[in-house]
Amino acid sequence: MAFTIRQLQFFVAVAEQGTVSGAAQNLSISQSSVTEAIKELESDLGVELFERHPRGLNITHKGHQFLRHATKILADVSDARRSFSSEQAVAGGRLQLGVTSLVAGYVLSDLLARYRRAYPGVEVSAIEDNGDYLEHLLVGGKLDIAVMVTSNLRDRTALQSEILEVSAYRLWVPLSHRLASADIISIGDIASEPLIMLTVDEIEENTGKLLSAIGARPHVAFRTRSVEAVRSLVATGAGVALLPDLVYRPWSLEGDRIESRDVSGSLPVVQVGTVWRRGSGLPQAARDFIGLAQSQRMARQRL
């Protein structure tokens, strides 16, 4: 039996939420419907997509591989429906786009691929830089729009933004770490651990604030701008990391497992969104980009 779009929708929801109950609540359906859909999908594929444990589910290596296909299929279905929902001229024009480092590979890549398919006549030029410089370019009219972390936006009077994704911070540990099996993890539990610090966007600033709140100075074992380096270092036991769930993947490039755990207390979130100059007459290409970004955010709810 071939898998269905609905099964893919349920699978992606479980992968994102980490629990069947969370996915069911998000989709406004019963837990039994989600459980049955996942079982049927695993049976059809002949692989185990999730490892079951008392706290919820962990996606397997095969599940992680299939997640990439599932999200692309859902996006393609959304694109197909969107193409018939309104008249779309084969528009030309140009889109000048900015993106921050943290966002480039985790939000923009898929969004930009969909935009190019929907508007092949638009010439897109994109630059990657830090948030402050992208704000400067937006205010100066050098960029039409940016996809960036908006939770630390500096010039809110001159810029307008729309949130695309909200991602909470979680703790990354190797599979053998003492905290990997802990029922409750507090910030205090992390204070003495060597940290692998990601230094893009506001990540280092937020991590420092978290530990300072309990009077602890971060014990930084390694600083890097590479998320893949963080994964490899955490997986091999060089330290732990506090990072937004947006960039979590359960495997390092070497194939070692990384666990992601909730931390009790008030942790910050990372907001990612589209940003443009307030009051500016956006070109049609930029308005189309914003519209497509909005449709992507709502795609799974509309399926």
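## A walk through the predicted model

S226 caps helix 9 at its N-terminal end, with a side-chain oxygen 3.3 Å from the backbone nitrogen of E228. Keep in mind that everything here is read from a predicted model.

Let's stay with helix 9 for a moment. The helix covers residues 227–235, and its buried residues are V227, V230, R231, S232, V234 and A235. What do these buried residues of helix 9 pack against? The list is helix 5 (101–118) plus a set of strands: strand 6 (159–174), strand 7 (195–198), strand 8 (220–224), strand 9 (241–244) and strand 10. Just past the end of helix 9 comes G237, which has a positive phi of about 90 degrees.

Strand 10 is a good place to go next. It spans residues 258–261 and holds S260. Is S260 buried or exposed? Its relative accessible area is 6%, so S260 is buried. The S260 side chain has a polar contact of 3.1 Å with the side chain of R170. Setting aside residues up to four places away in sequence, S260 touches R170, L171, W172, D245 and Y248.

Now look at R257, in the loop between strand 9 and strand 10. R257 is an arginine that counts as buried, because its relative accessibility is 10% and the cut-off for buried is under 20%. Which residues does R257 touch, not counting those up to four places away in sequence? They are E51, N58, I59, T60, P174, L175, A235, P250 and W251. A235 also appears among the buried residues of helix 9. A polar atom of the R257 side chain lies 3.1 Å from the backbone oxygen of I59, and the R257 side chain also makes a polar contact of 3.1 Å with the side chain of E259. R257 and H61 are 196 residues apart in sequence, yet their C-alpha atoms are 8.8 Å apart in space.

On to D144, which sits in the loop between helix 6 (131–139) and strand 5 (145–149). D144 has 14% relative accessibility and so counts as buried. Its side chain reaches the backbone nitrogen of Q96 at 2.8 Å. D144 and Q96 are 48 residues apart along the chain, with 5.2 Å between their C-alpha atoms. Leaving out neighbours within four places in sequence, the contacts of D144 are R94, L95, Q96, L138, V275, W276, L282, P283 and A286.

G281 makes a handy contrast. This glycine is in the loop between strand 11 (269–277) and helix 10 (284–302). G281 is exposed, since its relative accessible area is 76% and exposed means over 50%. Between G281 and E162 there are 17 Å from C-alpha to C-alpha, at 119 residues apart in sequence.

Here are the polar contacts made by side chains of S260, R257 and D144, side by side:

| Side chain | Partner | Distance |
|---|---|---|
| S260 | R170 side chain | 3.1 Å |
| R257 | I59 backbone oxygen | 3.1 Å |
| R257 | E259 side chain | 3.1 Å |
| D144 | Q96 backbone nitrogen | 2.8 Å |

Next, the helices at the start of the chain. Two packed helices are described by the angle between their axes and the distance between the axes. How do helix 1 (residues 5–17) and helix 3 (residues 31–45) cross? Their axes come within 9 Å, at a crossing angle of roughly 105 degrees. That makes helix 1 roughly perpendicular to helix 3, because angles of 65 to 115 degrees count that way. Helix 1 brings Q7, L8, F10, F11 and V14 to the contact, while helix 3 brings S33, V34, A37, I38, E40 and L41. By type, the contact residues come out as eight nonpolar, two polar and one charged.

Helix 2 (residues 20–27) has V20, G22, A23, A24 and L27 buried. The cover over these buried residues of helix 2 includes helix 1, helix 3 and strand 2 (56–59). After helix 2 comes S28, with a positive phi near 60 degrees.

Finally, the domains. The domain assignment gives domain 1 as 5–86 and domain 2 as 166–269. Their centres, taken over C-alpha atoms, are 26 Å apart. How many residues does each domain put into the contact? Domain 1 gives eight residues and domain 2 gives 11 residues.

Note on methods: Residues are numbered from 1 along each chain as its sequence is written. This is a predicted model: local features need pLDDT of at least 70, side-chain atom pairs count only at pLDDT 80 or more; totals for chains, interfaces and linings use all residues. Side-chain values use heavy atoms; hydrogens and water are left out. Axes are lines fitted to C-alpha atoms, for helices over the stretch in contact, and angles run from 0 to 180 degrees between N-to-C directions. Helices (H or I, at least four residues) and strands (E, at least two) are DSSP runs, numbered from the N terminus. Angles under 35 degrees count as roughly parallel, over 145 as roughly antiparallel, 65 to 115 as roughly perpendicular and the rest as oblique. Contact means heavy atoms within 4.5 Å. Ala, Val, Leu, Ile, Met, Phe, Trp, Tyr, Cys and Pro count as nonpolar, Asp, Glu, Lys and Arg as charged, and the others, Gly among them, as polar. Buried means under 20% relative accessible area, exposed over 50%, partly exposed in between (1.4 Å probe, protein chains only). A polar contact is a pair of N or O atoms within 3.5 Å; within protein, one must be able to donate a hydrogen and the other to accept it, and residues adjacent in sequence count only if both atoms are side-chain atoms. Domain bounds come from an automatic or database domain assignment.
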